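Colleague: Let's go through this model together. I'll ask, you answer.

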Amino acid sequence: MPPLLTANDVSKNFGGLNAIANVNIEVHPGEIVGLIGPNGAGKTTLFNLITGVYIPSGGQLKLHGEVEVDLAKASPHEIAGMGIGRTFQNIRLFKEMTVLDNVMLAYHVHIDYSLWDAIFHTPSYTKSEAELRRKAVELLDIFDMADKKDIPAKNLPYGQQRRLEIARALALQPKLLLLDEPAAGMNPQETADLMRLIMWIKDRFNLTILLIEHDMSVVMGICQRIYVLDYGKLIAEGTPEDIKSNPQVIKAYLGED
Amino acid sequence: MADKRHNLIRNIMTLAAIYAIIQLLISFDIIDQHLQLNLFLLCINIILAVSLNLITGFTGQFSLGHAGFMAIGAYVSAVMTLKLHLPFPLAIATSAVSAAIVGVLVGIPTLRLRGDYLAIATLGLSEIIRIIALNIDYIGGASGLADIPRYVNWPWIFAMTAGTIIIIYNFIHSSYGRACIAIREDDVAAESMGINIARYKILAFTIGAFFAGIAGSLYANYFYFLKPNAFGFMKSIDILVMVVFGGLGSITGSVVGAAALTLLSMVLQDLPTLRMILYALLLLVIMLYRPQGLLGNAELSWKLLKRGDKDATATNGK
C-alpha cells in the first residue's frame with residue numbers, strides 16, 4: 001500500500017542548531033505510528049514541519065492523498081484543510097469559547113453557507129448550523145463530554161481538556177491525526193481509557209495516527225511501528241519489539257536496568 | 001424551532017416599540033432639540049463602539065484608528081451631498097464602502113502586526129487621514145465644511161443603529177464569527193484548525209470600517225458641519241473607552257458603554273474640566289474593580305433578565 005505521508009531527507013536548522021537532520025519517515029494509511037526520543041530530540045519540530053508551522057530547510061515532505069501535496073509549500077491552514085489534524089503538547093484550546101464552540105469551530109473548513117447567509121441568518125444558515133451542532137454534540141458524546149458542552153473550555157479538568165483537543169481535531173475530519181503527548185499528565189486509569197479511545201476513533205473515523213508520547217505503555221501498547229529520534233537524527237525504526245531490544249535506543253532513551 | 005420564531009417576534013416587537021415610543025416623544029416635542037442631538041450622538045457612538053468591538057473585542061486586534069474610518073465616511077458623505085448634490089442614500093452607501101475599501105487596503109499590510117505595534121500603525125493611519133483632510137482646500141482644510149444638508153432624522157438613525165447591531169450580532173454567531181473569536185483566543189491553534197488568519201482579521205477590520213463609515217456619514221449629515229479635528233486621536237480613544245467600559249466581546253456591553261459615556265458627557269457638558277476628571281476616575285474604578293468591563297463577554301438578554309427574576313423570586317421565597 002502506498003504511504004500517506006513521506007518525509008524524505010528532511011532537515012530543519014534554527015541558526016546553527018540542527019533540530020532535525022536528514023530524517024526519513026513513511027506513514028501508511030491505517031497505521032498508528034509512534035515517535036519517541038529524549039526531550040529536545042526534535043519530535044515536536046517534526047510535527048510543526050508536517051503542519052506547515054515551520055518550513056523545512058531541506059528535503060521533501062509530502063502528503064499523498066487523491067493528489068500529491070508538497071507540505072513545504074502550503075500554509076498551516078491549507079494543510080489543515082487537506083486533512084491533517086493535530087493536538088498540542090501544551091494544550092491550546094480556545095479557552096473562553098464553550099466546549100461546543102471549540103468543536104464547531106473546527107468544522108469551519110466544511111461549512112456550506114456564505115458570509116451573506118451568516119449576516120442575514122438565512123434558512124441555509126439555520127439549517128447548516130443545526131446540522132453542525134448535531135454533529136458536534138455527537139462527537140462530544142463519543143468523548144463523554146456532551147453534558148459539558150455549554151461551559152467555557154478553560155473550566156474543564158485537565159484530562160478532559162486533552163480529550164477535547166482530540167475531539168476538536170477530529171471535527172476537522174482529518175485523514176492523518178498528529179497527537180503530541182496525548183497522555184501527558186494523566187493517571188494510569190485515564191491513560192488506559194485514552195488508549196482505548198485512540199484505538200476506537202482510529203477505526204471509527206478511518207484515521208492514520210502519528211503520535212509523540214513519553215509513556216512507554218501507550219507507545220508499546222498501541223503503535224504498530226515506532227521511530228526514534230535523538231538530537232534531530234533518526235536512530236531507529238521498527239516494531240515495538242525491535243525498539244525495546246535495540247541497544248542504541250536503550251542507550252539514548254529507554255535506559256538500561 | 002418554535003422557540004426561535006418566538007424570540008424573533010419578541011425582538012421585532014421590542015425594536016418596533018423603541019422606535020415608536022421615541023418617534024412619539026420627538027413628535028410631541030418631549031424630546032427637544034437638545035435632547036435629540038444627544039440621542040443621535042448616542043446612536044452614532046453605539047454604531048462606532050459595536051463596530052470597534054468586532055475588531056478589538058471579538059477578533060482581538062487592538063485598533064486605535066476607528067476615528068479615521070469615521071472621518072472617511074463623514075467627508076465622503078459631506079462632499080457627495082453638499083458639493084455634488086447627490087441623494088443621501090447613495091452618499092451613505094458610498095461612505096460605508098469607501099471606509100471599507102480603505103480598511104482592506106490598510107488591513108493587508110498592518111494586520112501582520114500584533115498588539116501594540118498594530119495599535120501604533122492604526123493610530124498613524126487615522127492621523128494621516130486627518131492631516132490629509134486638513135490640507136485639502138476642496139473640503140475646507142482646517143476650517144472644515146459647513147452647511148452640509150441635514151438629511152438624518154430618527155428613522156435613519158434608528159435603522160442604521162439597529163441594522164449595525166443585528167448584522168454584527170449575526171456575524172459573531174456564525175462560523176465566520178467563531179473563526180474571528182478563535183483567532184483572538186489562540187491564533188496558532190486557529191490556524192491548525194484550518195482558519196485563514198489573515199483573511200478573517202481583514203474581514204473583521206473591513207466590516208468594522210464599513211460601519212464606522214456609516215457612523216461618519218450620519219454624523220456629517222446631522223451636524224451641518226465638519227472639521228478634521230473632530231476625528232483626532234481623542235475620538236478613537238473615546239470609542240475604545242466605550243468598548244472597554246462595556247466589556248470587550250459583548251455587543252450589548254458596547255451599547256451600554258456608549259450610552260453611559262455619552263450620557264455622562266451630556267450631563268457634565270457645562271463643566272468640561274470636571275468631566276475629564278470624572279471620566280478618568282470612572283475608568284480607574286472600572287480597571288481596578290472590573291477589568292473585564294461592565295458585562296465582560298456576556299450579553300444582556302431576555303433570558304438573562306428572566307433568570308434574574310427567577311433567582312430573585314427563589315431567594316425571596318426562602
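Colleague: Which strand of chain A does helix α10(A) cross at about 125°?

Modeller: Keep in mind that this is a predicted model. Helix α10(A), residues 247–254, lies across β3(A) (32–36) and β9(A) (225–230). The strand it crosses at about 125° is β10(A).

Colleague: Which strands stand at the edges of the chain A sheet?

Modeller: The sheet is open, with 6 strands and mixed pairing. Its order is β6-β7-β8-β3-β9-β10. An edge strand has a single partner, so one side is left without a neighbour in the sheet. That describes β6(A) (84–86) and β10(A) (233–238).

Colleague: What is the average twist from one strand to the next?

Modeller: The twist belongs to that open sheet of 6 strands in chain A. From one strand to the next, it averages 20°.

Colleague: Which residue is the bridge partner of A:Arg86?

Modeller: Strand β6(A) is joined to β7(A), residues 176–180, by 3 bridges. The two strands run parallel. In β7(A), the partner of A:Arg86 is A:Leu178.

Colleague: Now chain B. What radius of gyration does chain B have?

Modeller: Chain B holds 13 helices and 0 strands. Its C-alpha atoms fill a box of roughly 70 × 55 × 45 Å along the principal axes. A compact globule of 318 residues would be near 20 Å, and chain B agrees, with 20 Å.

Colleague: Among contacts in chain B between residues at least 6 apart in sequence, what share joins residues at least 24 apart?

Modeller: Buried residues make up 46% of the 318 residues in chain B. Of the contacts you ask about, the share is 80%.

Colleague: Which element of chain A helps cover the buried residues of α6(B)?

Modeller: Helix α6(B) spans residues 154–172 and reaches 27 Å, close to the 27 Å expected. Its buried residues include B:Ile157, B:Thr161, B:Ile165 and B:Ile168. An α-helix has 3.6 residues a turn, so residues three or four places apart point the same way. The cover includes α2, α7, α9 and α11 of chain B, together with a helix of chain A, α4(A) (115–120).

Colleague: Is B:Tyr222 buried or exposed?

Modeller: B:Tyr222 sits in the loop between α9(B) and α10(B). The cut-off for a buried residue is 20 or more other C-beta atoms within 10 Å. B:Tyr222 has 20, so B:Tyr222 is buried.

Colleague: Which residue is 72 residues from B:Tyr222 in sequence but 5.0 Å away in space?

Modeller: Leave aside neighbours within four places in sequence. B:Tyr222 is then in contact with B:Phe40, B:Arg150 and B:Val152. The one at 5.0 Å, C-alpha to C-alpha, is B:Arg150.

Notes
Residues are numbered from 1 along each chain as its sequence is written. Chains are lettered from A and ligands numbered from 1 in the order in which they are written. This is a predicted model: local features need pLDDT of at least 70, side-chain atom pairs count only at pLDDT 80 or more; totals for chains, interfaces and linings use all residues. Helices (H or I, at least four residues) and strands (E, at least two) are DSSP runs, numbered from the N terminus. The radius of gyration is taken over C-alpha atoms; the globule rule is 2.2 Å times the number of residues to the power 0.38. A residue is buried if 20 or more other C-beta atoms lie within 10 Å of its own, exposed if 12 or fewer, and partly exposed in between; C-beta atoms are placed from the backbone. Two residues are in contact if their C-beta atoms, placed from the backbone, lie within 7 Å. Two strands pair if DSSP finds at least two bridges between them. Axes are lines fitted to C-alpha atoms, for helices over the stretch in contact, and angles run from 0 to 180 degrees between N-to-C directions. The expected span of a helix is 1.5 Å times one less than its number of residues.
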